Amino acid sequence: MPRDPQRGAGLRRDFALLEALASPEAAAADGLGVIRLAELTGREKSQVSRAMRALAEEGVVERHPGTLRYHLGWRLFALVARAAETRLERQAEPVMHRLAAEVEETTHLCVLREGGVVTVFSVSPGHSFRLAGSEGHSTHSACTSVGRVLLTDLTPDELHIRFGTTEPLCAEHPIRPRGIAELWVELNRVREQGYAVVDEEYEPGLVGVSAPIRDFRGRAVAALNLAAPKSRLGGRLHDAGRRTRQAAREISALLGHRT
């Protein structure tokens with residue numbers, strides 16, 4: 001099919017508008033108005049106005065009813081989030097297979113959703129052990145090694161906002177319940193060594209290690225996890241932690257992260 005140059009030019013113009021809305025200026029001003037968008041893209045105000053209305057109708061941009069400024073919309077973020085998670089699984093899978101074979105334990109790819117930890121993908125070397133109902137199952141983010149590596153980017157104030165309590169964070173797991181202050185100490189330890197260890201804290205007889213997977217911005221967007229009965233993994237937890245840390249760094253590099 002022959003290329004339509006007019007359509008291609010229109011897409012480039014619309015993309016320039018979206019890039020302007022993703023700029024530091026737009027973030028600082030909580031959006032940009034039509035006049036400023038026209039100045040930044042070198043287009044007529046009427047053209048920009050029509051283009052923004054069309055993009056708003058599709059949910060790609062949104063307009064604040066008070067300021068009348070535009071900002072990037074929910075539909076665009078939803079598309080990016082779905083694409084990012086698909087890419088994460090694709091890049092992580094071969095590394096997870098290699099780690100599972102090296103350590104001879106099941107590996108899990110986990111993310112943080114709505115305050116809980118969710119396993120989205122698992123690779124097993126053949127052991128019968130698996131976390132019961134692990135994929136798609138949410139657990140408290142402060143109670144697991146996975147949750148702790150995913151919380152390492154937060155400040156103490158953000159931890160208080162997220163959990164909103166001074167009560168033990170893992171009261172349903174009585175072996176080692178934690179408050180915010182104790183969790184903060186643990187998160188500093190995780191940051192220093194690059195991986196988290198849980199030794200029967202979440203469940204009696206269960207141990208695990210996790211390491212953060214970071215994107216091109218350096219943010220922890222997922223965690224790589226190993227979990228197994230203590231009788232099998234307990235004597236080599238820190239060796240497993242170092243291997244998991246290295247594997248997570250390899251996946252992070254594939255996502256554009258640079259140390």
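This passage looks at one pair of packed helices and at two buried residues in a predicted model.

A good place to begin is the pairing of helices α3 and α4. Two packed helices are described by the angle between their axes and the distance between the axes. Here, helix α3 spans residues 34-41 and helix α4 spans residues 45-57, and the two pack at an angle of about 110° with their axes 9 Å apart. Because angles from 65 to 115 degrees count as roughly perpendicular, α3 is roughly perpendicular to α4. The crossing of these two helices is right-handed. On the α3 side, the contact is made by Val-34, Ile-35, Leu-37, Ala-38 and Thr-41, which meet Lys-45, Val-48, Ser-49 and Met-52 of α4. Sorted by character, the residues of this contact comprise 6 nonpolar, 2 polar and 1 charged.

Attention now turns to strand β3, residues 107-113, where His-108 is located. His-108 has a relative accessible area of 1% and is therefore buried, since the cut-off for that label is under 20%. The side chain of His-108 has a partner as well: a polar contact of 2.9 Å links it to the side chain of Ser-122.

The last stop is helix α10, which covers residues 237-254 and includes Thr-244. With a relative accessibility of 0%, Thr-244 also counts as buried. Leaving aside residues up to four places away in sequence, the neighbours that Thr-244 touches are Leu-99, Val-209, Ser-210, Ala-211, Leu-224 and Leu-226.

Conventions
Residues are numbered from 1 along each chain as its sequence is written. This is a predicted model: local features need pLDDT of at least 70, side-chain atom pairs count only at pLDDT 80 or more; totals for chains, interfaces and linings use all residues. Side-chain values use heavy atoms; hydrogens and water are left out. Axes are lines fitted to C-alpha atoms, for helices over the stretch in contact, and angles run from 0 to 180 degrees between N-to-C directions. Helices (H or I, at least four residues) and strands (E, at least two) are DSSP runs, numbered from the N terminus. Angles under 35 degrees count as roughly parallel, over 145 as roughly antiparallel, 65 to 115 as roughly perpendicular and the rest as oblique. A crossing is left-handed if the near helix is turned anticlockwise from the far one by less than a right angle, and right-handed if clockwise. Contact means heavy atoms within 4.5 Å. Ala, Val, Leu, Ile, Met, Phe, Trp, Tyr, Cys and Pro count as nonpolar, Asp, Glu, Lys and Arg as charged, and the others, Gly among them, as polar. Buried means under 20% relative accessible area, exposed over 50%, partly exposed in between (1.4 Å probe, protein chains only). A polar contact is a pair of N or O atoms within 3.5 Å; within protein, one must be able to donate a hydrogen and the other to accept it, and residues adjacent in sequence count only if both atoms are side-chain atoms.
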